[in-house]
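Reader: I am new to this structure and should like to understand the terms used to describe it. Please show it to me, and I shall then ask about the reasons behind each description.

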Amino acid sequence: MAEISTSRILQYWVDRQPDAIALAHDDDVMTFAELERHTNRLARAYQSLGVKQDDFVTIGLPNGVEFFAACFAAWKLGATPQPISAKLPDFERNQIIEVGQPALVVGVDEAEGVTCVPEGFDPSPDLSDAPLPEATATSYKAMTSGGSTGRPKLIVAKRQAVADPDAPALQFAQGGSVLIPGPLYHNGPFSWAMAALFRGNQVTVTTRFDAEQTLALIERHSVDAVYMVPTMMQRIWNLPEETRKAYDLSSLRVLWHLAAPCPAWLKVAF
């Protein structure tokens with residue numbers, strides 16, 4: 001099919017697999033139908049706080065369902081998610097806010113000169129969870145970079161916030177299961193996680209990387225694709241052999257490694 005707005009991508013999957021799990025983080029699980037309804041309400045809450053077409057929404061949330069919900073709420077208003085680390089010192093975060101001039105900062109109690117909502121923000125139950133008018137952001141994402149000057153920069157994607165749920169992407173299945181154990185404010189984990197969701201996959205994320213937990217999650221969620229960096233692979237390989245072999249990894253079909261060169265011996269070992 002043709003590309004559709006990311007403001008409509010959840011509804012596309014609700015029409016096909018409403019009760020399939022979209023997101024899993026620890027014990028927090030949300031189906032496509034639940035995520036669609038929740039982000040419709042959240043988008044209306046953001047709208048009431050002043051978010052408009054092509055605004056930036058700075059998202060300073062840790063890995064979890066709430067991070068994804070904030071991104072989709074922004075997209076549903078035609079706005080652009082702008083992720084940052086939830087652990088940034090105020091000084092660094094304020095520099096990014098100064099550069100981006102977002103309409104809203106999510107995950108922060110307060111910051112000078114900008115509207116904020118804290119982590120755990122829940123939209124009023126009185127807000128409608130019905131679909132909003134379609135809106136497509138001119139830019140799909142705006143990631144941060146320290147650049148060469150020591151001052152933060154925003155890398156604003158030239159691609160619109162659109163996706164084709166039927167188009168092959170990163171060797172992801174449709175309706176499969178993908179594990180992202182990296183921080184979502186980094187470009188790689190963010191892009192891989194969203195591409196997986198756009199293909200109707202269950203996306204499982206972790207709070208932080210743990211080698212044995214990664215193997216356990218692959219088994220538990222029948223993960224068929226995983227995103228890693230070579231350091232993660234090294235830490236898994238450093239586990240005792242009996243620990244590595246204690247988990248059923250037969251579902252795993254694709255392993256992406258990015259961000260640094262992977263030693264040849266480690267790739268062979270995997």
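Reader: What is the order of the strands in the open sheet that six strands form?

Author: The model is a predicted one. In that sheet the strands follow the order E3-E2-E12-E11-E13-E14, and their pairing is mixed.

Reader: What makes strand E3 and strand E14 stand at the edges?

Author: Strand E3 (28-31) and strand E14 (254-257) each have a single partner strand, so one side of each lacks a neighbour in the sheet. Between neighbouring strands of this sheet, the turn averages 15 degrees when direction is ignored.

Reader: How do you know that E13 and E14 pair?

Author: Two strands count as paired when at least two bridges are found between them. Strand E13 (residues 225-228) and E14 share four bridges, in the parallel sense, so the criterion of at least two is met. Within this pairing, Ala225 stands opposite Val254 in E14.

Reader: What joins E11 to E13?

Author: E11 and E13 run parallel and are joined by two bridges. Here Leu179 is the residue opposite Val226 in E13.

Reader: Which way do the residues of E13 point, and are they buried or exposed?

Author: Ala225 and Tyr227 point one way, Val226 and Met228 point the other way, and all are buried.

Reader: Which helices lie on this sheet?

Author: Helix H2 (residues 32-48) lies across strand E2 (21-25) and E3, at about 90 degrees to E3. Helix H5 (residues 187-198) also packs on the sheet, where it touches E2, strand E11 (177-180), strand E12 (202-205), E13 and E14. The direction of H5 makes about 165 degrees with that of E11.

Reader: Why is H5 called mostly covered?

Author: A residue is called buried when its relative accessible area is under 20%. In H5, 11 of its 12 residues are buried, and the helix is therefore described as mostly covered. Among the buried residues are Phe190, Trp192, Met194 and Leu197.

Reader: How does the span of H5 compare with the one expected?

Author: From its first C-alpha to its last, H5 reaches 16 Å, close to the 16 Å expected for its 12 residues at 1.5 Å a residue. After H5 comes Gly200, whose phi is positive, near 80 degrees.

Reader: What does Met194 touch, and which residues of the largest nonpolar core touch the most other members?

Author: Setting aside residues up to four places away in sequence, Met194 touches Phe67, Phe68, Cys71, Phe72, Trp75 and Tyr140. The largest nonpolar core has 58 residues, and those touching the most other members are Tyr46, Phe68, Trp75, Ile180, Met194, Leu197 and Val203. Helix H3 (residues 65-75) supplies the largest share of this core, 10 residues. Another core, of 15 residues, lies apart from it and includes Ile218, Val223, Met228 and Ile236.

Reader: What makes the meeting of H2 and H3 a crossing, and of which hand is it?

Author: The axes of H2 and H3 come within 8 Å and cross at roughly 65 degrees. The crossing is right-handed. On the H2 side, Leu35, His38, Thr39, Leu42, Ala43 and Tyr46 meet Ala69, Ala70, Phe72, Ala73 and Ala74 in H3.

Reader: Why is Asn40 called buried?

Author: The relative accessible area of Asn40 is 1%. The cut-off for buried is under 20%, so Asn40 qualifies. Asn40 lies in helix H2. Neighbours within four places in sequence aside, Asn40 is in contact with Lys76, Ser128, Asp129, Ala130, Pro131 and Leu132.

Reader: Why are Asp26 and Asp54 called partly exposed?

Author: Partly exposed covers values between the limits of under 20% for buried and over 50% for exposed. Asp26 has a relative accessible area of 43% and Asp54 one of 35%; both are therefore called partly exposed. Asp26 lies in the loop between E2 and E3, and Asp54 in the loop between H2 and E4.

Reader: What is the phi of each of these two residues?

Author: Phi is near 55 degrees for Asp26 and near 65 degrees for Asp54. For Asp26 this is a positive value in a residue other than glycine, and so it is for Asp54.

Technical notes. Residues numbered from 1 in each chain as written. Predicted model: local features only at pLDDT ≥ 70, side-chain atom pairs only at ≥ 80, totals over all residues. Heavy atoms only, no water. Core = buried A, V, L, I, M, F, W, Y, C linked by side-chain atoms within 4.5 Å. Buried < 20%, exposed > 50% of the residue type's maximum accessible area, 1.4 Å probe, protein only. Contact = heavy atoms within 4.5 Å. Axes fitted to C-alpha atoms, helices over the stretch in contact; angles between N-to-C directions. Expected span 1.5 Å × (residues − 1). Left-handed = near helix turned anticlockwise from the far one by under 90°.
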